[in-house]
There are 2 protein chains.
Amino acid sequence: MTFENDKKTFLMKVDKSKKGEIDDRVISLMKTINALPDFYTTSSCSGRVYLWQGTGKKNETEWIKVSHDLIDDDFFRLSGDTNKGVVWLRMEGFIMHIACRDVVKANQLLEKVRRVYKKSGFLGVSNKIILEIRGSEFMEMPWLLDGGKLFSGEVQWLVGLLNSKLKKVWGDMKQLEKVIQLEEI
Amino acid sequence: MTFENDKKTFLMKVDKSKKGEIDDRVISLMKTINALPDFYTTSSCSGRVYLWQGTGKKNETEWIKVSHDLIDDDFFRLSGDTNKGVVWLRMEGFIMHIACRDVVKANQLLEKVRRVYKKSGFLGVSNKIILEIRGSEFMEMPWLLDGGKLFSGEVQWLVGLLNSKLKKVWGDMKQLEKVIQLEEI
């Protein structure tokens, strides 16, 4: 299959993410990238905050609550069974995977992306060349142990901290969009 | 310069890390990789726990305390000025950068590495091909706010949690060494 066919096929696929729909906040950036002839996006997440329990492995992990938007104190009001073991609080930044036509084009895009996201790189360069953009915003802390809270600060303060990180994530995404639009790739 | 010259020059260089010396725990794995004709390691860290304050940007961040070994309660006994703003507790897993002779060899190594470290990829594929191995163990939590502790659990329990993560990191490194020794690349 040619790159054009791959791109067409892929962009027609149904979204298979946990969220089940594409994040509103990423649509503009996605369109900007998919308008370029040598690239197409294959997945993305524009940041999220969630509470989870389990081992961290894919089939042994339960998401208790998740927000892709700013949170408030309510986020930490839990119902349901969280009385056993550790409940973790995690905040993840922006992540996006982009299929690239060839290595030359891939490197050109990476160079631009690095101006905003230093940790970006390639997932592989053999069959498909996939560029991974990865933000550096991240938090991971034990929140409950056997139902007891492990955080003794003000929840309001933590909510503000998490929200400021989310805003940083969205600001960086806007910046990337500008960088990509600035010059031709 | 040929790959051989690059490799020779690089491996003779003085260690420029924050720690100032190569981690004992990584030496065996490093030797295994550097014995292969098509690869050489350029940097690595075999996991660490540290307390830091600042913005998180390179020149605006102060490391208050760091351990590359198992920790005990003493790790959290702080002297010095930590009474302003947030002091963060961070645990990082294994990371290693490996220069590869060419894309074919790089992909062969990546395929092996992925059996242990799913998040691995390439930092770039233009001038130098650098494979980044990255463990998934990570923690980042606010520890102090204006000198007041934000963690209300037992420090002993947290010490155990961090140490079990460090042990997981070292176990995975051993596993990678075995995977690499198993078949020729």
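Reader: How many Å does helix α4 (residues 155-182) of chain A reach from its first C-alpha to its last?

Author: This is a predicted model, in which local features need pLDDT of at least 70 and side-chain atom pairs count only at pLDDT 80 or more, while totals for chains, interfaces and linings use all residues. Residues are numbered from 1 along each chain as its sequence is written, and chains are lettered from A and ligands numbered from 1 in the order in which they are written. Helices (H or I, at least four residues) and strands (E, at least two) are DSSP runs, numbered from the N terminus. With 28 residues, α4(A) is expected to span 40 Å at 1.5 Å a residue, taken as 1.5 Å times one less than its number of residues, and its reach is close to this, at 41 Å.

Reader: Which elements of chain A do the buried residues of α4(A) pack against?

Author: The buried residues of this helix (20 or more other C-beta atoms within 10 Å of their own, placed from the backbone) include A:Leu158, A:Asp172 and A:Ile180. They pack against four elements of chain A, namely α2 (24-34), β1 (39-54), β3 (86-100) and α3 (103-113).

Reader: What kind of axis relates chain B to chain A?

Author: Superposed by least squares on the C-alpha atoms of residues with pLDDT of at least 70 in both, chain B lies on chain A with an RMSD of 0.0 Å after a turn of 180° and a shift of 0.0 Å along the axis. That relation is therefore the one given by a two-fold axis.

Reader: Which element gives the largest share of the side of chain B that touches chain A?

Author: The contact (C-beta atoms, placed from the backbone, within 7 Å) takes 23 residues from chain B and 23 residues from chain A. On the side of chain B, α3 (103-113), β4 (121-124), β6 (138-145) and α4 (155-182) each give two or more residues. The largest share, 6 residues, comes from β6(B).

Note on methods:
Two residues are in contact if their C-beta atoms, placed from the backbone, lie within 7 Å. A residue is buried if 20 or more other C-beta atoms lie within 10 Å of its own, exposed if 12 or fewer, and partly exposed in between; C-beta atoms are placed from the backbone.
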